[in-house]
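Trainee: I am new to this structure, so could we go through it together with care?

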Amino acid sequence: MARNKEVKLEFALKELTLSPQTDLVPGGSSSVELRDKRLVCVEYPAVVRSVDKMLETLGGEQTVTKTFAHPNKRLELRFRPQDPFCHSACGNRFPSSNLLLRVRRRVRKKDPSDAEINMEMLGVIGTTYKFQGLADFQCLAVHSEGGKVTSLYDKIILRKSENQEFFEQPMPYFLPPAIFSRLDTPVDYSYRPDVHQNLAPMTGKNFIGLNRARRPHNAIFVSFSEPSVPSECLEAAKVNWTRVCVKENDKQAEERMKNMFESRPIWSRNAVKANINIHPDKLKLLLPVYAFYMVTGPWRSLWVRFGYDPRKTSESKKYQMLDFRIRCSTKHGYSLSDIPVKAKRSALNYSLPITQNKAAPHPASVMDLPGQEGPGSSSSRDPAPVSYQLRESSYIFKEGMLPPHRQMFYQLCDLDVESIKEVIEENTGSEQLCDERDGWCVLGTTDKLRDMISAMIKKIVRAQKPALPELPKRRRRTALSSKRDVDADVDDEEEFKEDEEEDEDDEFQPSEGSENEMETEILDYM
């Protein structure tokens with residue numbers, strides 16, 4: 001619809017009444033202008049008497065705007081917005097093609113039959129939020145004893161800075177439930193089995209659970225202590241990949257994956273994503289066909305080619321994994337806000353499963369249908385190809401660059417820095433034993449590489465920001481004799497050095513491995 005054109009619609013508005021004298025109050029018609037203004041409608045499940053209080057229960061206009069920006073997110077409604085323990089009711093998002101009219105009716109007092117109706121088009125409602133579910137259980141912070149109910153909000157909610165006495169006072173136990181109802185829509189269960197479900201033995205632990213049973217991807221997990229490695233994949237893994245490998249791009253990705261593992265026996269998942277453009281769901285099915293997953297050891301969280309045991313050959317030293325995390329503190333001269341690197345996950349943006357809409361796609365509305373633009377318009381309406389390929393910086397580190405995330409998993413061969421390569425190749429040709437922490441490298445190499453990369457990042461950050469002012473040295477003692485002055489100076493210098501050494505000892509040291517990241521990838525393949 002062209003915006004420069006004025007589109008007018010003819011409406012006939014008729015008034016309905018229960019009175020038998022319907023001819024006394026006639027209807028009216030008007031011609032209104034259709035405005036190309038998109039609106040969002042919220043079917044509020046209550047009587048609205050104050051718009052401000054209504055918006056407060058929805059989190060305000062800013063929260064509604066953020067919810068609208070995510071198509072799969074549900075709109076949360078809290079009838080007690082000041083209560084942090086209030087469990088929200090969720091509204092589903094639906095596409096719509098409704099019109100918002102403002103209708104005004106003026107009636108002459110002396111002659112009720114003389115009525116004038118004015119209509120104004122305010123816009124088109126393209127999205128509607130409907131609260132179709134039931135309100136879930138609510139948990140109040142109260143304590144019941146002896147038939148008397150007392151509120152606990154003033155005792156458990158910190159409204160200001162409190163002293164130690166506030167935390168040591170006696171307090172009744174208040175444990176809110178960890179989870180509420182899984183669904184907010186009624187289901188006709190009636191203790192009958194699902195006819196569409198393949199009846200499995202009821203001995204499984206996930207037969208009735210809070211979440212669905214995970215889809216099997218037939219990946220093989222190997223730990224560092226296992227005596228041998230698998231030589232071929234599971235037959236079910238080949239069957240699953242054959243079932244989804246239907247397009248030419250999938251066959252090309254399979255050939256590319258085969259060549260990658262022939263040229264290099266160990267790959268990280270980010271490295272694979274950066275070299276193959278394939279949908280993540282299909283990558284979960286393709287990787288178990290050519291490699292197994294290492295759970296522990298110097299090659300943990302990496303995919304190893306079937307039949308290749310990195311513990312038996314020192315050539316696999318360059319494929320070891322380095323778990324690196326950016327160190328941020330005032331001791332390094334910068335903080336988290338000074339580094340333009342975001343975290344992979346944030347607990348502040350965590351959403352409960354009930355706030356995500358996982359329903360089936362809604363039917364297309366009339367507004368979603370493309371217009372006819374001629375015989376050659378089909379090619380212009382084709383969607384642009386989607387790329388799932390990651391950038392090179394997702395698995396390669398070079399001098400002078402910042403990692404894309406605060407926690408990175410690098411393979412030693414992907415650390416493209418000459419000084420780092422010299423440390424890795426320090427014992428090349430004289431490797432004796434494969435250690436579970438440092439692999440074929442010299443003991444302590446992992447910590448040394450982390451320190452080197454941290455020093456490079458510190459240099460980059462300080463180049464972009466001026467250094468912090470140096471702390472003044474502690475005031476030296478004064479004495480009567482010059483000899484005691486000299487002794488006092490020496491003592492203070494040694495004491496100052498000891499304080500610096502203690503600060504170095506208290507510095508944060510990264511763990512040997514990221515269990516959270518590794519468990520996340522493992523769960524994707526279970």
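What follows is a series of questions from a trainee, each answered by a mentor.

Mentor: Before we start, note that this is a predicted model, in which local features need pLDDT of at least 70, side-chain atom pairs count only at pLDDT 80 or more, and totals for chains, interfaces and linings use all residues. Residues are numbered from 1 along each chain as its sequence is written, and side-chain values use heavy atoms, with hydrogens and water left out.

Trainee: How many helices and strands are there in the protein chain?

Mentor: Helices (H or I, at least four residues) and strands (E, at least two) are taken as DSSP runs and numbered from the N terminus. Counted in this way, the protein chain has 13 helices and 16 strands.

Trainee: What share of the residues in the protein chain is buried?

Mentor: A residue is called buried under 20% relative accessible area, exposed over 50%, and partly exposed in between, using a 1.4 Å probe and protein chains only. The protein chain has 526 residues, and the buried part of them comes to 32%.

Trainee: Is Asp250 buried or exposed?

Mentor: Asp250 belongs to helix H6, which covers residues 248-263. Contact means heavy atoms within 4.5 Å, and, not counting residues up to four places away in sequence, Asp250 touches Trp241, Val244, Cys245 and Lys282. Because its relative accessible area is 5%, Asp250 is buried.

Trainee: How far apart in space, C-alpha to C-alpha, are Phe68 and Arg93?

Mentor: Phe68 sits in helix H2 (residues 60-69) and is partly exposed, with a relative accessible area of 34%. Leaving aside neighbours within four places in sequence, Phe68 is in contact with Val40, Arg93, Thr127 and Tyr129. Phe68 and Arg93 are 25 residues apart in sequence, while their C-alpha to C-alpha distance in space is 8.8 Å.

Trainee: Which residue in S8 does His143 stand opposite?

Mentor: Two strands pair if DSSP finds at least two bridges between them, and here 4 bridges join strand S7 (residues 142-145) to strand S8 (residues 148-151), the two running antiparallel. The hairpin of S7 and S8 has 2 residues between the strands, and Gly146 takes a positive phi near 65° there. Within this pairing, the residue in S8 that His143 stands opposite is Thr150.

Trainee: Why does Val187 count as exposed?

Mentor: Val187 is located in the loop between helix H4 (164-168) and strand S9 (221-222). Val187 counts as exposed because its relative accessibility is 58%.
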